[in-house]
Amino acid sequence: MTILIRGGTVVNADRAFRADVLTEGDRIVAVAENLEAPAHAEVIDAGGQYVMPGGIDPHTHMQLPFMGTVTADDFYTGTAAGLAGGTTTIIDFVIPDPKQRLMDAFQTWRGWAGKAAADYTFHVAVTWWDDTVHEDMGTLVRRHGVNSFKHFMAYKNAIMADDETLVKSFRRALELGAIPTVHAENGELVFQLQRELLAKGIRGPEAHPLSRPPEVEAEAANRAIAIANVLGTPVYIVHVSCAESLEAITRARARGQRVYGEALAGHLVIDDSVYRHADPEVARAYVMSPPFRSSHHQTALWQGLQGGNLHTTATDHCTFCAGQKAMGADDFTRIPNGCGGVEERMAVVWDAGVNTGRLTPSEFVRVTSTNAAQIFNIYPRKGSVSVGADADVVVWDPQGTRTISAATQHSKGDFNVFEGRTVRGIPTHTVAAGKLVFADGDLRAERGAGRYVERPAFGTTL
Ligand SMILES: [Zn+2]
């Protein structure tokens with residue numbers, strides 16, 4: 001397929017300029033003014049619109065078996081929803097059970113992801129430690145294009161990594177040229193606070209944020225950063241939700257430590273009043289970890305993005321329907337943790353970021369694709385509208401509006417955490433791997449069209 005995107009303003013992380021964009025097969029082959037349309041080309045009129053790299057969501061969980069159930073979105077429906085919102089690549093997570101070989105889990109997830117409609121790649125979680133984990137990390141980096149490993153510091157008695165696992169895995173990652181990432185919450189504190197709340201008879205969703213206060217997150221962020229500092233590894237902190245964690249990152253970076261931070265679209269715009277909603281079904285729908293925070297934390301997160309101490313925006317897309325969330329109707333610790341957002345992230349960050357003057361369009365591109373591509377080593381194949389890059393492009397109408405609703409979303413979840421929010425700035429066209437997959441509201445996602453993206457280790461190009 002050949003596509004000419006004509007008359008728009010190309011926005012990359014470094015600059016914005018008037019140019020047409022020509023794609024041939026799965027690559028961008030020309031970016032210049034006044035390109036001739038080849039005879040067989042499909043022409044997209046981008047007049048008055050921005051032409052940007054397709055979004056990269058570096059944190060999703062499609063088809064995840066978690067807390068006794070499986071997420072509503074599988075790799076097909078979840079990636080299709082992403083395409084409708086201008087996201088053309090996801091980085092999902094392989095999460096081995098404790099004692100399960102990493103390679104076995106990796107092959108299982110590769111099988112599930114075969115139905116994806118958009119490109120995908122995996123962080124692999126290290127949830128336990130022995131010599132086979134050491135060996136499989138090597139195999140994953142050297143033979144399967146994995147360059148990031150995830151560590152859950154929360155979820156005690158399930159997938160929590162203890163300090164021994166953190167230290168050994170961070171060290172192994174450094175040796176392999178891979179980057180460790182962490183879910184920073186002190187799992188022991190969460191566990192004890194949950195028990196105390198239940199003992200007091202506080203069993204509803206309003207207890208969820210009480211069991212995971214900002215200090216619980218900050219302790220783990222500080223610990224991960226300290227371990228990384230001692231070992232000399234970089235570290236990437238997923239879903240930074242509070243001012244205290246951001247302060248830990250900011251301090252470390254000021255002393256020259258290579259620490260990266262991720263903000264979720266939800267944490268940027270939603271506050272913790274949702275947990276006090278009169279309808280417990282609605283309150284349960286917002287249960288995710290870390291939880292939504294009081295509003296001064298949102299201000300801090302925006303400042304982190306603006307000041308360059310937070311680098312990426314993600315969603316932690318992990319959808320459960322009301323019936324699944326009801327598993328925790330009498331016990332908030334049993335509510336499956338997770339919310340959606342893969343379809344809404346780009347528009348929400350644009351509306352709350354660019355329309356308010358917090359971000360320029362180039363800064364928007366930086367935090368929605370380019371930084372993720374650079375941190376996880378797939379730049380400029382991804383995260384750039386340039387000759388030779390993958391033909392993953394979103395045509396963005398800065399004046400277009402949409403009111404977000406579960407009734408009109410493509411995601412399989414039956415709830416939308418952004419319900420009723422009207423955003424200005426929406427995708428009109430999405431091109432993924434050179435195919436027009438979304439055009440003026442018409443989603444043409446193709447099951448299985450997504451490709452597994454290998455990400456080379458760092459330091460291997462010399
Ligand atoms: Zn997650």
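This is a short tour of the structure, stop by stop, with something to select at each one. Keep in mind as you go that the model is predicted.

**Stop 1: the two domains**

Start by colouring the chain by domain. The domain assignment gives domain 1 as 2-52 + 382-417 + 426-443, and domain 2 as 56-375. With both coloured, look at how they sit together: their C-alpha centres lie 28 Å apart. Now select the residues that touch across the boundary. You should have 33 residues of domain 1 in contact with 38 residues of domain 2.

How much area is buried between domain 1 and domain 2? It is about 2,800 Å², and carbon and sulfur atoms give 66% of that. To see where domain 1 contributes, show the side chains of Ala13, Trp396 and Val417; these lose the most area to domain 2, together 22% of what the domain 1 side buries.

The count of salt bridges between the two domains is one. For a salt bridge to zoom in on, select Lys382 and Asp119: their closest N and O atoms are 2.6 Å apart.

**Stop 2: the zinc ion**

Next, centre the view on the zinc ion. Its protein donors are His59 and His61, each through NE2, and Asp316 through OD, at 2.0 to 2.2 Å from the ion. Along the chain, these donors follow the spacing H-x1-H-x254-D. His59 belongs to strand β8 (residues 55-60), while Asp316 sits in the loop between β17 (312-314) and α12 (322-325), so this pair ties together parts that are 257 residues apart in sequence.

Are His59 and Asp316 buried or exposed? His59 is buried, with a relative accessible area of 1%. Asp316 is buried too, at 8%.

**Stop 3: helix α8**

Now select residues 243-254, which form helix α8. Try checking its length in the viewer: at 1.5 Å a residue, its 12 residues should span 16 Å, and the end C-alpha atoms are 16 Å apart, which agrees.

Show the side chains of Ala243, Ser245, Leu246, Ala248, Ile249 and Ala252, the buried residues of α8. What do they pack against? Their partners are α7 (214-231), β15 (235-237), β16 (259-264) and α11 (295-307). Following the helix, you reach Gly256, which has a positive phi near 95°.

**Stop 4: helix α11**

One of the partners of α8 was α11, residues 295-307, so select that helix now. Its 13 residues should span 18 Å at 1.5 Å a residue; the end C-alpha atoms are 19 Å apart, in agreement.

The buried residues here are His297, Gln298, Ala300, Leu301, Trp302, Gly304 and Leu305. They pack against α7, α8, α9 (265-269), β17, α13 (345-354) and α14 (361-375). After α11 comes Gly308, with a positive phi near 85°.

**Stop 5: Asp26**

For the last stop, select Asp26, in the loop between β4 (20-24) and β5 (27-32). Asp26 is partly exposed, with a relative accessible area of 30%.

Add Ala391 to the selection. Although Asp26 and Ala391 are 365 residues apart along the chain, their C-alpha atoms are separated by 5.3 Å. Leaving aside residues up to four places away in sequence, Asp26 touches Ala389, Asp390, Ala391, Ala433, Gly434 and Arg451.

Definitions and conventions. Residues are numbered from 1 along each chain as its sequence is written. This is a predicted model: local features need pLDDT of at least 70, side-chain atom pairs count only at pLDDT 80 or more; totals for chains, interfaces and linings use all residues. Side-chain values use heavy atoms; hydrogens and water are left out. Helices (H or I, at least four residues) and strands (E, at least two) are DSSP runs, numbered from the N terminus. The expected span of a helix is 1.5 Å times one less than its number of residues. Buried means under 20% relative accessible area, exposed over 50%, partly exposed in between (1.4 Å probe, protein chains only). Contact means heavy atoms within 4.5 Å. Donors are N, O and S atoms within 2.8 Å of the metal (3.2 Å for Na, K and Ca); water is not among the atoms, so sites may look incomplete. Domain bounds come from an automatic or database domain assignment. Buried area is the accessible area (1.4 Å probe) that two parts lose on being put together, summed over both. A salt bridge is a side-chain nitrogen of Lys or Arg within 4 Å of a carboxyl oxygen of Asp or Glu.
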